[in-house]
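Open the model in your viewer and keep the selection panel at hand; the stops below go from the whole chain to single strands, a helix and the nonpolar cores.

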Amino acid sequence: MFDRAEILAKITAQVEAGKAVLAAASSCGLVAKCAALGGADMLVVYSTGLSRLMGLPTSRIGDSNARTLELAAEIRNVVSSVPVIGGVEAWDPLRLELDDLLDKFWAAGFSGVINYPTISTMGEKWRERRGRVGLGFEREVELIAAARKKNIFSLAYVASPHDAKAMAAAGADCIVPHVGATRGGLVGHEAGQSIEEAIRRINEINAAAQAVRPEVILLCHGGGNRRAPGYLGSLPVYRMCRFRWRLLHRTDSDRAGGESCSRRIQSRSAPAKASAINAEICTEAGMNNPITKLKPSTASSSKANKPTHDWETDVLVIGSGAAGLSAALYAAKAGLRVTVCEKSGRLGGTTALSNGMIWVPCSMQARAAKIDDSIANAKIYLQHELGDYYRPDFVDAYLEDGPTALASLENGSEVKFTLASAPDYHSSQIGGIDMGRALSPAAYDGRLLGKDFDLISDPIRVVLGGMMISSGEVRSFLNPFQSAASLKHVLRRVSRYAGDRLRYRRGTELSGGNALIARLLASLRRYDTEIWPSCPAVDLMREGGRVTGALLKRDRTDLRVRASHGVILATGGFARNGKLRAQLSRAHQHNDTLAHSDVTGDGIALAGRLGAAIDNDVASSGFWTPVSILRNGRSSQVVPYGWLDRGRPGVIAVGPNAKRFVNESNSYHDICLAMFNSGYPADKRFYFICDKEFVRLRGMGHLLPWPWTLSIKKYARLGYIEIGRTIAELAAELGLDPQELQKTVEEHNAHAAEGRDPLFKRGESAFNRTLGDPAVGKKNPNLGAIKNGPFIALPIVPATLGTATGLSTDPGGRVLNGNGVPIAGLYACGNDMTSPMRGIYPGAGITIGPAIVFAYRAVNSIVQSTHQGQTAAASGA
């Protein structure tokens, strides 16, 4: 995806440099790919182009807008390097709301619009009839004006000076004089105007448009005109693009003839170039983006030579979380043969245990929802959030590629995200916003996976022994009788779950990270991707200084896998590796994590043997959440931070000095960093404190609200919680100063009554308010008194959700050695590379969001490297 400013900057620079701007009409993936490869500056998608592909003259077929929207996925699936413009039939009687129509085109992946099919080229009688019912050329002008209001790039077809003036006044970025249909050839018309007449008409139209807005950019369609700096066309453009590609990639043997031909062609105007060039459409080469197919490599070995490998692939991905499977899908879409190996018996890693949210500013979903945001605004937010840890090269790469990477992942696949209501965690900070940057995976029906359903790792939170419920469903399940809608919803879910358990080991209604992994797996199956669970990587293979594959252990047998294009490490970080935790955590020493049990630093270990560097220049080595530990005999369970009790009114967090040390309604990450800053782990006396009424209403940690938890005494006997009839008695149980704790609680109660928190400003930010409860009837919905005993304390410790420290890479995902030099053929993404957020947590989804975007960039680096190698080989270099 490209925004309007990016497109205008590109074509304006070309015009100022005296270079022609080429817009190529493309109505199928093959034509679009070839046109982009040949040098087209933008692609224009028309439904009418389908008639040309049928061998017929240009004509409108069926529902034009629906067909163009269908073409979006096909075109965007193979091209992401240039803007794709959608042809909109503004006078469609079935879609009279132009704002909604524009939103659909933007959401489909179009970076701009053009008024086509257009009434401007139709006869005067037809135009007059359509105009009488409000569906004439004026609707096309309204379309362009609406696009300008939405800041969407637009081109406008016009056929007369009058039309040109109207479109220029409406705010069209480019005026495209249309001087009639193609004459002659296999699909052209028998009659048409002369080239001289076409030039005269184009000059008149251009002059009229520039009289209204001198800055308007002029392209032409048909004919010839030296005043127009660009050309928009269909079949002639493909030949022009093919010729440009041949000039860029010609070999020594044809340079002499090619250069003389080039001089002749380049001396002509853009339309004349199109008619002068006659070359076949290119199908044999790739492009510099991961959505374009490359020539597959072929394995060869003579009988005399013993093969050096047991399996060959183009790309080997080690790991199957969001980073690994996204990288695999990007590579598969690029036409590469992909093999994924996963150490665990099931796929998904830590992603499958998580909510699966991603933080990607300015996504198509945000644009469709009219979120007021920009890349520049998000950059300002991150500059203030990251401070001294702000790395502009990584942040720019992440923010600028984020929307495109997300759209590319979704296009033509099962992967779908929806806009979440979550605000930035510090939305009151400069550049922060209250909604629009966080997205959630769409729910997924696991039954669609068939036997593959058993490959998805189990989620961390289930009810009834295996049914996933989202945070939005929790209240309905806790009290299904609160409304008819809640009861109906719960009964439907439980009924479906009962049916699932007759056929599956758990419920099949998937949400969060489980749904994301399922969608990625379903998408990869379309590309026949090899996916090997229970297959750990033992070592990397290297030849001539380049990583060429890996030694795997599959079915208890060593398997040598050659990866001709590259190896991508996506093993999830080192959260479960005690030695690496101690070595890399510095001031943030800890023992607990919610990461997947197999996340033990395999990627770091594999790359480290080849001299890869670790980048530990971070604010903290992990992303944090407070947890509690439930011990029962010799076993123990790490209990995640609850949803119903998290930062809700009526609970406070106190440290060893019996004082509050943090805004309890801030993010889980902020709470843990405050624990470290307040003395943890030297002193581990940190607690959430509330009264019994709070537990009855909201639960606490492992304790669910009444009636799901009938008695809390057994949890006190297990040492999971401490109970005191008075605050002083509770303090004594905790080893805290009774007077100081009493003072802290009384101070908090006074602030709750006043509705303000002068110490930590609890309840003032948008994120805080998502954890508030207006039902308490207080001035501040985040503050509630702790007043009626018995009183309860839950011991808490910091745990990682994932690690922030990882391998040193460049923004393209290339793993670097100790000298900062890329290790050829080796790439990393996800938690195997150091996070661009550097251990700081600006918003929901800042682990999986970068995992996906840098997977995209890593595959892009592989494709570029491979393309360069193929070009060098073809030229004999």
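Two strands count as paired here if DSSP finds at least two bridges between them. This is a predicted model, and the pairings on the tour should be read with that in mind.

**The whole chain.** Begin with the protein chain selected as a whole and coloured by secondary structure, where there are 28 helices and 31 strands. Buried residues make up 58% of its 877 residues, while the accessible surface comes to about 35400 Å², with 51% of that surface belonging to carbon and sulfur atoms. If you draw the contacts between residues at least 6 apart in sequence, 72% of them join residues at least 24 apart.

**Strand β5 and its partners.** Next select residues 153-158, which form strand β5. Six of the six residues of β5 are buried, so this strand is largely enclosed by the rest of the structure. With side chains shown, Phe153, Leu155 and Tyr157 point one way, whereas Ser154, Ala156 and Val158 point the other way. Add strand β4 (residues 112-115), which runs parallel to β5 and is joined to it by three bridges; here Gly112 stands opposite Phe153. Then add strand β6 (residues 174-177), also parallel to β5 and joined to it by four bridges, where Pro177 in β6 is the bridge partner of Val158.

**A three-stranded open sheet.** Now move to strands β11, β13 and β12, which form an open sheet in that order with antiparallel pairing. The edge strands, each pairing on one side only, are β11 and β12. Select β11 (residues 358-359) together with β13 (residues 438-441) to find the two bridges that join them, with Ile358 standing opposite Leu439 in β13. Adding β12 (residues 417-419) brings in three bridges to β13, and Phe417 stands opposite Pro441 there.

**Helix α4.** Select residues 64-78 for helix α4, whose 15 residues reach 22 Å from the first C-alpha to the last, close to the 21 Å expected at 1.5 Å a residue. Where should you look for a kink in α4? The kink is centred on Leu71 and comes to about 25 degrees. Leu71 is also one of the buried residues of α4, which include Ser64, Asn65, Thr68, Ala72 and Ile75. When you look along the axis, recall that an α-helix has 3.6 residues a turn, so residues three or four places apart point the same way.

**The nonpolar cores.** For the last stop, turn to the largest nonpolar core, which has 146 residues, and in which Leu316, Ile318, Leu552, Val567, Ile568, Leu569 and Leu826 touch the most other members. Helix α28 (residues 848-874) gives the most to this core, with eleven residues. Apart from this core lies another, of 31 residues, among them Val45, Ala72, Leu101 and Met364; Ala72 was met above as a buried residue of α4. Finally, centre the view on Leu826: which residues is Leu826 in contact with, leaving aside its neighbours within four places in sequence? Show Leu540, Val547, Val567, Leu569, Ala607, Gly813, Arg814 and Val815, and you have those contacts of Leu826 on screen.

How values were computed. Residues numbered from 1 in each chain as written. Predicted model: local features only at pLDDT ≥ 70, side-chain atom pairs only at ≥ 80, totals over all residues. Heavy atoms only, no water. Core = buried A, V, L, I, M, F, W, Y, C linked by side-chain atoms within 4.5 Å. Buried < 20%, exposed > 50% of the residue type's maximum accessible area, 1.4 Å probe, protein only. Contact = heavy atoms within 4.5 Å. Areas by Shrake-Rupley, 256 points an atom, 1.4 Å probe, with all protein chains shown as cover. Expected span 1.5 Å × (residues − 1). Bend = angle between axes of the 7 residues up to and from the residue.
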